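Subject: the structure you asked for

Hi,

Here is the structure, pasted in below. Have a look at it first, then read on for what turned up.

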Amino acid sequence: MALISIEGLHKRFGTNEVLKGIDLSIEAGEVVAIIGKSGSGKSTLLRCLNGLEAYQSGKITVENTPVTQDETDLRTLRLRVGMIFQQFNLFPHLSAGRNVMLAPMIVKGTSEAEAKTTAQKVLDRVGLGHKFDAFPDQLSGGQQQRVAIARALAMEPRALLCDEITSALDPELVNEVLQVVKSLAADGMTLAMVTHEMRFARDVCDRVIFMHLGKVHEIGPPEDVFANPKTPELQQFLGQLN
Ligand SMILES: Nc1ncnc2c1ncn2[C@@H]1O[C@H](COP(=O)(O)OP(=O)(O)OP(=O)(O)O)[C@@H](O)[C@H]1O
């Protein structure tokens, strides 16, 4: 049984049909990269998976729970699926530890003491246990993004969705964030990542999804998608990167 299942997903913004019938299953423990040109619908797909965007037709389920705009479904979903964005969105007036403690306390009703223990554990997990009391402006961009990852982990999600999480970082900070993601993948976390980091996609991901004009245009293991692109669209996309 797939952890995430998408059938016939269509999504429009006004008259602009951005997702034109997506069928996709992601198994528990699978790591998928979503690649494609700007505007191909990658972010919109991730946002639909997390209930951040409503969609017009099709069916999405996460562990058998339908992803709808219903409040109860959304609450269940947010406990199961974490999302990390290009911008870290940390509260500037709260320490790293407090930023991480917030969601479990608010969403799950976790006690302060328990939330603190969890926050320490997940900050350790991203290599920032010693920065519990540091404020966001005392951290580098890479460290802030690792706090954002810890914040998502504090909810003990079954899957993490990552939307271009290294795109706002200076090049020398990209690797520390990718290393954390790589270690989560090695631990069996289910991950769907919109990324421009092709080397990471090739080395770490089980499957690569190439989106083009709102459809899954090619999908397969990285060795096939990168070494043997079947369609001219993917060949052109990869050619432009080189
Ligand atoms: N909130 C919105 N309202 C209207 N149109 C939107 C909205 N969000 C996205 N779109 C449109 O949907 C299309 C797909 O956008 P999306 O962000 O999913 O693409 P993408 O592949 O992630 O691109 P990028 O790599 O530039 O982020 C674009 O044409 C975009 O203008």
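One cut-off before the rest: a residue is called buried if 20 or more other C-beta atoms lie within 10 Å of its own, exposed if 12 or fewer, and partly exposed in between. Bear in mind too that this is a predicted model.

Let's start with helix 5, where that cut-off does some work. Helix 5 covers residues 141–153, and its 13 residues reach 18 Å from the first C-alpha to the last, close to the 18 Å expected at 1.5 Å a residue. Of those 13 residues, 12 are buried, so helix 5 is largely enclosed by the rest of the structure. The buried ones include Gln143, Gln144 and Gln145, as well as Arg146 and Arg151. Val147, Ala148, Ile149 and Ala150 are also among them. What do they pack against? The buried residues of helix 5 pack against two strands, strand 6 (81–84) and strand 7 (159–163), and against helix 3 (96–108), helix 4 (112–125) and helix 6 (171–186).

Ala150 comes up again in the core. The largest nonpolar core has 72 residues, and Ala150 and Ile34 are the ones with the most contacts inside it. In general, nonpolar side chains tend to be buried together in soluble globular proteins. Which residues does Ile34 touch, leaving aside its neighbours within four places in sequence? They are Lys42, Leu45, Ala192, Met193, Val194, Ile209 and Met211.

Lys42 is a handy link to the ligand, since Lys42 is one of the residues surrounding it. The others around the ligand are Phe13, Asn16, Val18, Gly36, Ser38, Gly39, Ser40, Gly41, Ser43 and Thr44. By type, the shell divides into 8 polar, 2 nonpolar and 1 charged. Strand 2 (16–26) and helix 1 (42–49) each supply at least two residues of that shell, and helix 1 gives the most, with 3.

Two backbone oddities are worth a look on your screen. Asn64 has a positive phi of about 75 degrees although it is not a glycine. Asn64 sits in the loop between strand 4 (57–62) and strand 5 (65–66). With 9 other C-beta atoms within 10 Å, Asn64 counts as exposed. Leu213 is the other case: not a glycine, yet with a positive phi of about 50 degrees. Leu213 belongs to the loop between strand 9 (207–212) and strand 10 (215–220), and with 14 other C-beta atoms within 10 Å it is partly exposed.

Leu213 also leads back to the ligand shell. Leu213 and Lys42 are 171 residues apart along the chain, but their C-alpha atoms are separated by 9.9 Å. For another pair, take Lys108 and His10: 98 residues apart along the chain, with 32 Å between their C-alpha atoms. Lys108 lies in helix 3 and is partly exposed, with 15 other C-beta atoms within 10 Å.

Last, the record: an unreviewed UniProt entry carries the annotation "domain: ABC transporter" for residues 4–238. In the model, that span is 40% helix and 26% strand, and its end C-alpha atoms lie 27 Å apart.

Cheers

Definitions and conventions
Residues numbered from 1 in each chain as written. Predicted model: local features only at pLDDT ≥ 70, side-chain atom pairs only at ≥ 80, totals over all residues. Core = buried A, V, L, I, M, F, W, Y, C linked by C-beta atoms within 7 Å. Contact = placed C-beta atoms within 7 Å. Near = placed C-beta within 6 Å. Helix = DSSP H or I, 4+ residues; strand = E, 2+ residues; numbered from the N terminus. Nonpolar A, V, L, I, M, F, W, Y, C, P; charged D, E, K, R; others polar. Expected span 1.5 Å × (residues − 1). UniProt positions renumbered as here; feature names shortened; annotations may be inferred.
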